[in-house]
Amino acid sequence: MRYINTQELKDQRILQFKKALKDMIATSKAAYIRSDAKSYRERNPMYSKEQIKRIVECGDPIERAKLSEFFFATSGLYKRIILHYATFLTYSWVLVPHIKNPRDKISNKKISQAYYNASDFCTSFQIERKCTLFSKDILVKGAYYGLIHEDGDFVAIQDLPFDYCRSRFKNSHDVDIVEFNMAFFDTIRDEALRKEILETYPRVVQKGYYNYKHKGKDRWIFLPAEMGIYFCYFDERPFFLDLIPLLDDLDDYKDIDKKRNLQALKRILTQQVGVNGTELVFEPDEAEVMHQGVVDMLRDNPDVDVVTSYNKIDLLDLSGDSDEKTEVEDVQNLIYESAGISKELFCATTEAGINYSLNNDLAMTMILGNRYANFFTALMNYKFSNAKVKFKLLVLPISYYNSADYTSRAKELAAFGYSFLTPILSTGVDQTNLADLKTLENDLLELDEVLKPLQSSYTQSGKKAGEPIEGNGKDSTTDKNKEEEVNTDDGQDEDSKQT
């Protein structure tokens, strides 16, 4: 009979314990991931972090525009910032006729007819809506390219594909010249559809494509200055492109923060298997049964894992105080600071901060507003000016935030004889619709007779010329008697002088 020494017995128990160890520990992958881990969920499968960095730093205009369009479609914060500036101005406009000869009157038939035609065109052209669309494309892509399509009195703006347009030169009138790549039409594989689409473009484009395909001419053609449209801020670059890497990081930090919060709920329950000095009270297979019993009791609790050991019992919290914390709010503040936008606009805490920020935003968006005004001024003069009159279109500095204050100030200026139109235009009614509205009220509905306005400096007293305003009873009679006495005294003094 072979005797087993103490060391061999110990080694056998260790082997048995190792064998049972796999079944004794109910593990969770999340239990072994630190909350400050820099791993993140791949949110943008189209762009890696390296690609985003490269495009922002040295990408070409098309790559930058595509990246910005992708984040405009997928990032709520980026889209909200873009739309805040694209819709900031109301794009209220006023059309001012300038008479070339001071001796001519605006009631001149040629002058008045030109003005009515121009103002009707501005109203039907929907300047406010088009300017908003221009601004959105400029902020997202870096520039807007378009084509004026004219058919008699009808004028429309046809969008041009950003990827197939460029602008490198100006003419003598400081108008940007648009170049259009005829290879755009080759991307339309269906020949019948290509021909149909090509017919929607002006003849200069149709001729350019024909020369490119059949005469070997250059694929880039210059559009006439009065036909091409080009807008950008200062350079052809998405205005908030530098925010994109920060927005991508923000999603990572949010993901890490979410994992840490979920992990904070996790617990590991450890139970001790009794020992008597160096002797095991329970064998490994017995400890395994004890372990399985605890696992069965906690089966419905997904946030508690069980470890059975020969050590003391403890409850472990996986979210230790020493873990590095991710401050999502700090990253958000960095995004707003990089964009030059006050966080108060979206998470308001002080009124003063909002007012300063809105004034800065007004100044920034008016850069585009003035460029639109110059474009429409040139368009009005191209279509409606004559030997007697030319036009100037102004985009007023009115936003959806300052419209009430602007109306109040414009009304005060009107009391001193300044423009009566601007207080009305700030309410969203353009000058053409204003005239039509007053004609409707006065001539058809006769509201000027039905509704009497309160007396003020803007309304008439309702008395005929030279008719005195009635007083209140005795006070009026007394004032009249005093006036007669003064006249009598004056007459007596005059007689005395003659004597």
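This note walks through a predicted model of one protein chain, point by point.

1. **Overall make-up.** The chain has 499 residues, and 36% of them count as buried. It contains 17 helices and 13 strands. The accessible surface comes to about 31600 Å². Carbon and sulfur atoms account for 53% of that surface.

2. **Contacts along the chain.** Take the contacts in the chain with a separation of 6 or more. Of these, 71% are between residues 24 or more positions apart. One pair shows what sequence distance can look like in space. Gly 76 and Leu 247 are 171 residues apart in sequence, yet their C-alpha atoms are 10.0 Å apart. Gly 76 belongs to helix H4, residues 76-86. It is exposed, at 55% relative accessible area.

3. **Strands S1 and S13.** S1 covers residues 93-99, and it pairs with S13 in the antiparallel sense. Seven bridges link the two strands. At one position, His 98 stands opposite Lys 390 of S13.

4. **The two faces of S13.** Which residues of S13 lie on the covered face? They are Val 389, Phe 391, Leu 393 and Val 395. The uncovered face carries Lys 390, Lys 392 and Leu 394. In a regular strand, side chains alternate between the two faces of the sheet. Lys 390, the residue opposite His 98, is thus placed on the uncovered face.

5. **Salt bridges at Lys 170.** The structure holds 12 salt bridges. Side chains of opposite charge can pair when their charged atoms come close. Lys 170 takes part in a salt bridge with Asp 174, with the closest N and O atoms 3.9 Å apart. Lys 170 also forms a salt bridge with Asp 176, where the closest N and O atoms are 2.7 Å apart. How accessible are the residues involved? Lys 170 is partly exposed, at 47% relative accessibility. Asp 174 is exposed, at 55%. Asp 176 is partly exposed, at 22%.

6. **A salt bridge within helix H15.** Lys 438 and Glu 441 meet in a salt bridge, at 3.3 Å from N to O. Why can they reach each other? Both lie in helix H15, residues 431-444, three residues apart, so about one helical turn separates them. Lys 438 is partly exposed, with a relative accessible area of 40%. Glu 441 is also partly exposed, at 21%. Elsewhere, salt bridges that share partners join Arg 166, Arg 168 and Glu 179 into one network.

7. **Aromatic pairs.** How many aromatic pairs does a search of the whole structure find? It finds 29. One of them joins Phe 239 and Phe 240. Their ring centres are 5.0 Å apart, and the planes meet at 75 degrees, an edge-to-face arrangement. The two residues differ in cover. Phe 239 is partly exposed, at 32% relative accessible area. Phe 240 is buried, at 2%.

8. **An aromatic cluster.** One aromatic cluster brings together Tyr 91, Phe 121, Phe 125, Phe 134, Tyr 144, Phe 231, Tyr 372, Phe 375, Phe 376 and Phe 384. Phe 125 has a further partner: Lys 130 lies over the face of its ring, 4.5 Å from the ring centre. There is another charge over a ring to look at. Arg 371 lies over the face of Phe 234, at 5.7 Å from the ring centre.

9. **Tyr 91.** This member of the aromatic cluster lies in the loop between H4 and S1. Is Tyr 91 buried or exposed? Tyr 91 is buried, with a relative accessible area of 1%. Its backbone also deserves a look. Phi of Tyr 91 is near 55 degrees, a positive value in a residue other than glycine.

10. **Gln 126.** Where does Gln 126 lie? It sits in the loop between helix H5 (109-124) and helix H6 (127-141). Gln 126 is not a glycine, but it has a positive phi of about 55 degrees. In cover, Gln 126 is partly exposed, at 38% relative accessibility, whereas Tyr 91 is buried.

Key. Residues are numbered from 1 along each chain as its sequence is written. This is a predicted model: local features need pLDDT of at least 70, side-chain atom pairs count only at pLDDT 80 or more; totals for chains, interfaces and linings use all residues. Side-chain values use heavy atoms; hydrogens and water are left out. Buried means under 20% relative accessible area, exposed over 50%, partly exposed in between (1.4 Å probe, protein chains only). Helices (H or I, at least four residues) and strands (E, at least two) are DSSP runs, numbered from the N terminus. Two strands pair if DSSP finds at least two bridges between them. Contact means heavy atoms within 4.5 Å. Accessible areas come from the Shrake-Rupley method with a 1.4 Å probe; for residues, only the protein chains shown count as cover. A salt bridge is a side-chain nitrogen of Lys or Arg within 4 Å of a carboxyl oxygen of Asp or Glu. Rings of Phe, Tyr and Trp (its six-membered ring) pair if their centres lie within 6.5 Å; planes under 30 degrees apart count as stacked, over 60 as edge-to-face and the rest as tilted. A charge sits over a ring if NZ of Lys or CZ of Arg is within 6 Å of the ring centre and within 35 degrees of the ring normal.
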